[in-house]
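Subject: Handing over the structure

Hi,

Here is the structure I promised to pass on to you. Please have it open while you read, and my notes follow just below.

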Amino acid sequence: MPNFSNPALENLIRLAIQNGASDIHINSGTLAALRVHGELNYIRETGIFTYEALQRFVTEILKPAQLEKFMQTGDLDFSFTYEKQRFRGSAYREMRGVSLTFRLVPSVIKTLDELGQPQILKTMAEKHRGLFLATGPTGHGKSSTLAAIISEINRTRKAHIVTIEDPIEYIHTPAISVIHQREIGTDTENFASGIRHVLRQDPDVIMIGEMRDLETISAAITAAETGHLVFGTLHTQDASQSIERIVDVFPPHQQNQIRLQLSYTLLGICSQQLIPTQDVKGRVCATEILITTPAIRASIREGKVSSIRNALLTGMSFGMHTMEQDLARLFREGRISRDTAKSFAYDPAELERALTMQFPF
């Protein structure tokens, strides 16, 4: 646990914890800000942080090797624990000097039920091979969803679970599974290298913090294809776009082969957003769920994205629904307003149709 020489920084961290903030923003020469229930608010109690104070803070919080890398590149992702609270941090230089952003990682891993996730996601914890993706914008709960699925496996299966993260967020305590958590830059060079090496470590389940490039995506598909259960995240908007993104990252001459591999390995996709509640006292998760039925596998092989969307719209019997259908459900339950539903819809016209229908999920 780091020791901070600046009491105002400690006070800011405590304020964030007390107020249930999701993120802390600390900048040179300006007030710090906390993100609470999705909204940023400046914090006057801790005053303005100077460039010198943040420089000292960086040297206190980073390990020597991390500090050296930050001084060379001007960017660094890291994690740390302070008073039993886990943080994911990002240090970066900008025009005013050093800036820091901290994400507060809940100390207790919530279950899928506690997160309000559809029951169909529990079946993903029972699978023994294939690829499952959590997608959506940054800060909308993808890591929490995957942590809940990993925790479900840990409680119910005797499996060897390996996570590859940048940095490690949720810390899993082994229950009946064996769990190893590896951090990029500390325990392994990068995601692609970590996946290649983990295949020699007798894994049953592999969790990849972010599938951000061709090498990582290719290694993840190969791992799923060779009989492992693989979980990963993508920063894509919806299920159809996620499939396109995976295919498009490859050169044109490889794309037909990737479609074929993906059609065999993909188990499903959960695209999610955290939506402000009607009372503005919290956020609720809205999801789009794709489950790869034989029809969807055929559409992936043939590159028919529009067919995938149609299958989503009519796939409730398989546990599927669109983002608009879930937003309409949350509105009917009185949890979000109509205007909020509209502002978060991927397709406003589809939302209007969904608002007039009843969906039993």
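Let me start with one pair of residues in the sheet: Val162 has Ile206, in strand S10, as its bridge partner. I should say early on that this is a predicted model, so please read everything here with that in mind.

The strands behind that pair are S8, covering residues 160–165, and S10, covering residues 205–208. S8 and S10 run parallel to each other and are joined over 4 bridges. In general, strands of a sheet pair through backbone hydrogen bonds, in either a parallel or an antiparallel sense.

Both strands belong to an open sheet of 7 strands with mixed pairing, and the order across it is S9-S8-S10-S11-S7-S12-S13. At the edges sit strand S9 (178–183) and strand S13 (283–291), each of which pairs on one side only. From one strand to the next, the twist averages 15°.

Now to the charged side chains. How many salt bridges does the structure hold? The total is 18. As general background, side chains of opposite charge can pair when their charged atoms come close.

A few of them caught my eye, and I would begin with helices H13 and H14. Arg338 and Glu352 meet through their side chains in a salt bridge, at 3.8 Å from N to O. Arg338 lies in helix H13 (residues 338–344) and Glu352 in helix H14 (residues 348–355), so this pair ties together parts that are 14 residues apart in sequence.

Glu352 also forms a salt bridge with Lys342, where the closest N and O atoms are again 3.8 Å apart. Because Lys342 lies in helix H13 and Glu352 in helix H14, this contact ties together parts that are 10 residues apart in sequence.

As for accessibility, Arg338 is partly exposed, at 33% relative accessible area. Glu352 is partly exposed at 35%, and Lys342 is partly exposed at 38%.

Elsewhere, Lys122 and Asp113 form a salt bridge, and their closest N and O atoms are 2.9 Å apart. Are these two residues buried or exposed? Lys122 counts as partly exposed, with 24% relative accessibility, and Asp113 also counts as partly exposed, with 42%.

Finally, there is a network of salt bridges that links Glu288, Arg309, Glu324 and Glu350.

Happy to go through any of this with you whenever it suits.

Best wishes

Conventions
Residues are numbered from 1 along each chain as its sequence is written. This is a predicted model: local features need pLDDT of at least 70, side-chain atom pairs count only at pLDDT 80 or more; totals for chains, interfaces and linings use all residues. Side-chain values use heavy atoms; hydrogens and water are left out. A salt bridge is a side-chain nitrogen of Lys or Arg within 4 Å of a carboxyl oxygen of Asp or Glu. Buried means under 20% relative accessible area, exposed over 50%, partly exposed in between (1.4 Å probe, protein chains only). Helices (H or I, at least four residues) and strands (E, at least two) are DSSP runs, numbered from the N terminus. Two strands pair if DSSP finds at least two bridges between them. Axes are lines fitted to C-alpha atoms, for helices over the stretch in contact, and angles run from 0 to 180 degrees between N-to-C directions.
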